[in-house]
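Visitor: I am new to this structure and should be grateful for a close look at a single part of it. Would you please take the packing of the helices in the first chain as the starting point, and then set it in its surroundings?

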Amino acid sequence: MHIYNNTQNPAARLDENVSPVLKYPAPRVIIIHQYERRSISAPCAGTDDSMRVIDTKQIEECVYRLALKACVSVTPSCSRAMSAAAERESSPACAFALRVLAENASLALREKMPVCQDTGMSAVFISIGQEVAFSGGALADCVDSGVRRAYEDGYFRKSVCDPLTRVNTSDNTPAVIHYDVVPGDRVKITFMPKGFGSENMSRIYMLKPSEGVEGVIGAIVGAVRDAGSRPCPPVYVGVGIGGTFESCALLAKKALIRPIGEHHIRDDVAYIETEALERINALRIGCQGFGGDTTALGVSCEVMPTHIAGLPVAVNIQCNCVRCETEVL
Amino acid sequence: MFPKRLSLPLSAETVRSLRAGDIVTLSGEVLTCRDEAHKRIFEYLEKGIDLPFEIEGATFFYAGPCPPRPGKACGSCGPTTSARMDSFAPRLYGLGLAGVIGKGEVSPEVREAIKRSGRCYFAAIGGAGALCGNAVVSCECVAFPDLLSEAVYKLVIKDLPSVVAVDSGGRSVYADART
């Protein structure tokens with residue numbers, strides 16, 4: 001496991017000075033595959049007095065709460081962007097679909113019904129302050145328990161199966177868990193149920209460095225054009241730029257956590273977001289692909305340095321039901 | 001624009017009167033059928049085993065519902081991406097499938113099959129799972145219960161909001177097929 005701790009970045013600290021909706025810090029590349037759950041302990045492992053101890057049962061309860069909420073509600077920024085799209089839509093079929101979707105979102109919240117029947121595979125992002133020690137059961141097992149209970153109690157669809165036999169695991173587990181270790185003594189959990197109509201349309205490109213910014217924008221617009229009507233547009237486009245093959249894909253997913261309409265702090269990255277969005281909407285795929293004004297609600301890019309020989313670009317497509325909930329413990 | 005209210009099964013005359021882009025609501029009986037159920041149906045057809053339901057005259061709804069809350073007929077139940085069923089659809093239209101409700105574009109081969117058999121393809125609204133689920137009046141599993149949400153359920157629906165996506169002339173509402 002490689003940990004690039006970015007201790008210089010004050011935004012990465014998980015303490016009370018930071019709002020739950022954090023600006024995402026320069027990412028540290030940490031992916032611990034969930035099936036690797038062997039314990040790693042030093043000969044005199046233990047917690048000293050300076051550690052904050054959190055029982056993993058609290059993590060389970062947090063994941064449970066987040067999953068129950070996330071599957072029945074779209075994010076506030078999604079809801080705003082969808083209303084704005086409805087107001088300016090000129091195509092009758094798209095305007096009709098946008099009206100139905102607005103009615104659906106309020107119905108779902110009111111009746112605690114999943115916004116979309118595809119309650120997704122559970123992507124769980126856990127940022128762990130390095131002054132935190134866990135007690136209780138295995139962390140990953142507790143996350144899965146939270147998912148299992150929420151999908152049962154919430155009457156959510158269990159959509160996870162073996163990739164080859166296609167036999168359903170019957171409880172929507174395992175969750176896909178991404179861990180980050182950051183300074184501080186808090187734990188931040190983000191739960192994103194990811195539907196596969198849109199996930200299937202996601203792409204990764206290993207561009208040549210000479211293709212530059214134009215190449216990056218072309219890749220983003222090309223992925224959305226190729227997806228066409230299939231991912232339930234208007235979509236939200238998460239983009240990873242740089243890193244390695246796998247970290248680039250993870251950046252793209254993390255970009256989807258950012259509220260729609262918030263731009264990257266770097267001007268050149270914000271330019272890519274704005275320019276790509278404009279060109280995507282010029283495609284006139286429209287809501288549901290019926291041919292209209294809004295094909296994407298937003299484009300969010302995350303960047304990290306890459307190798308001198310490469311320019312990886314990952315495009316993770318999110319459907320019109322942007323669902324994402326965060327809590328800080 | 002007010003939706004045209006249609007009742008399934010549609011008469012040949014009604015099907016002919018529909019045009020790609022028409023806004024409609026659908027009521028009547030449909031069978032949910034998605035990826036794994038299609039695989040199963042084709043296995044049965046290969047082996048010559050009788051299916052527990054009729055394809056002829058049926059309307060398939062590409063969907064896999066959520067479990068119902070107590071007191072509800074069905075949980076959230078919106079359409080899934082039709083393109084994944086493209087390889088199965090032409091043969092099913094040939095066997096008398098009356099129509100399909102799904103979402104998103106279908107292949108030129110499927111459009112051709114729709115035109116040849118004089119059927120049409122409806123797009124329900126992808127992402128409107130709760131609203132579509134509430135349009136379900138009754139729900140009964142008729143085949144492959146081991147497939148859980150991917151089993152075949154007979155649904156009676158009332159006023160499901162939809163758009164005519166491919167009409168009986170093979171015209172499509174989607175950008176990829178518009179000329």
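Guide: The following account begins with two helix pairs and then turns to the chain interface and the backbone. The model is a predicted one.

Consider first helix H1 (residues 56-70) of chain A and helix H4 (residues 139-153) of chain A. Their axes come within 8 Å and cross at roughly 35 degrees. The crossing of H1(A) and H4(A) is right-handed. On the side of H1(A), the contact is made by A:Thr56, A:Lys57, A:Ile59, A:Glu60, A:Glu61, A:Val63, A:Tyr64, A:Ala67 and A:Leu68. H4(A) contributes A:Leu139, A:Cys142, A:Val143, A:Ser145, A:Gly146, A:Val147, A:Arg149, A:Ala150, A:Tyr151 and A:Asp153. Sorted by class, the contact of H1(A) with H4(A) comprises 11 nonpolar, three polar and five charged residues.

Two of the residues named in this contact, A:Glu61 and A:Arg149, deserve particular attention. Side chains of opposite charge can pair when their charged atoms come close. A:Arg149 forms a salt bridge with A:Glu61, and the closest N and O atoms of the pair are 3.0 Å apart. A:Arg149 belongs to helix H4 of chain A and A:Glu61 to helix H1 of chain A, so the salt bridge ties together parts that are 88 residues apart in sequence. Over all chains, the structure holds 32 salt bridges.

A second pair of helices may be set beside this one. Helix H6 (residues 212-227) of chain A packs with helix H8 (residues 267-281) of chain A at an angle of about 40 degrees, and their axes are 9 Å apart. H6(A) is therefore oblique to H8(A). The crossing of these helices, H6(A) and H8(A), is right-handed. From H6(A), the residues in contact are A:Val213, A:Glu214, A:Val216, A:Ile217, A:Ile220, A:Val221 and A:Val224. From H8(A), they are A:Tyr271, A:Ile272, A:Glu275, A:Ala276, A:Arg279 and A:Ile280. By class, the contact of H6(A) with H8(A) has 10 nonpolar and three charged residues, with no polar ones.

The surroundings of these helices include a second chain. In chain A, 41 residues are in contact with 47 residues of chain B. Between chain A and chain B an area of about 3200 Å² is buried, and carbon and sulfur atoms give 61% of this area. A:Phe96, A:Gln117 and A:Tyr155 together supply 22% of the area that chain A buries against chain B, which is more than any other three residues. Two salt bridges are found across the interface of chain A and chain B. A:Glu111 forms a salt bridge with B:Lys72, with the closest N and O atoms 2.4 Å apart.

Some details of the backbone complete the account. In chain A, a cis peptide bond joins A:Thr173 and A:Pro174, with omega about 0 degrees. A:Pro174 is found in the loop between H4 and strand E4 (176-182) of chain A. In chain B, a cis peptide bond joins B:Leu8 and B:Pro9, with omega about -5 degrees. B:Pro9 is found in the loop between strand E1 (4-7) and helix H1 (12-17) of chain B.

Positive phi values also occur in residues other than glycine. For A:Lys112, phi is near 50 degrees, and this residue is placed in the loop between helix H3 (92-111) and strand E2 (121-129) of chain A. For B:Leu148, phi is positive at about 55 degrees; B:Leu148 is placed in the loop between strand E6 (136-143) and strand E7 (152-166) of chain B.

Key. Residues numbered from 1 in each chain as written. Chains lettered and ligands numbered in written order. Predicted model: local features only at pLDDT ≥ 70, side-chain atom pairs only at ≥ 80, totals over all residues. Heavy atoms only, no water. Axes fitted to C-alpha atoms, helices over the stretch in contact; angles between N-to-C directions. Helix = DSSP H or I, 4+ residues; strand = E, 2+ residues; numbered from the N terminus. Parallel < 35°, antiparallel > 145°, perpendicular 65-115°, else oblique. Left-handed = near helix turned anticlockwise from the far one by under 90°. Contact = heavy atoms within 4.5 Å. Nonpolar A, V, L, I, M, F, W, Y, C, P; charged D, E, K, R; others polar. Buried area = accessible area lost by both parts, 1.4 Å probe. Salt bridge = Lys/Arg side-chain N within 4 Å of Asp/Glu carboxyl O.
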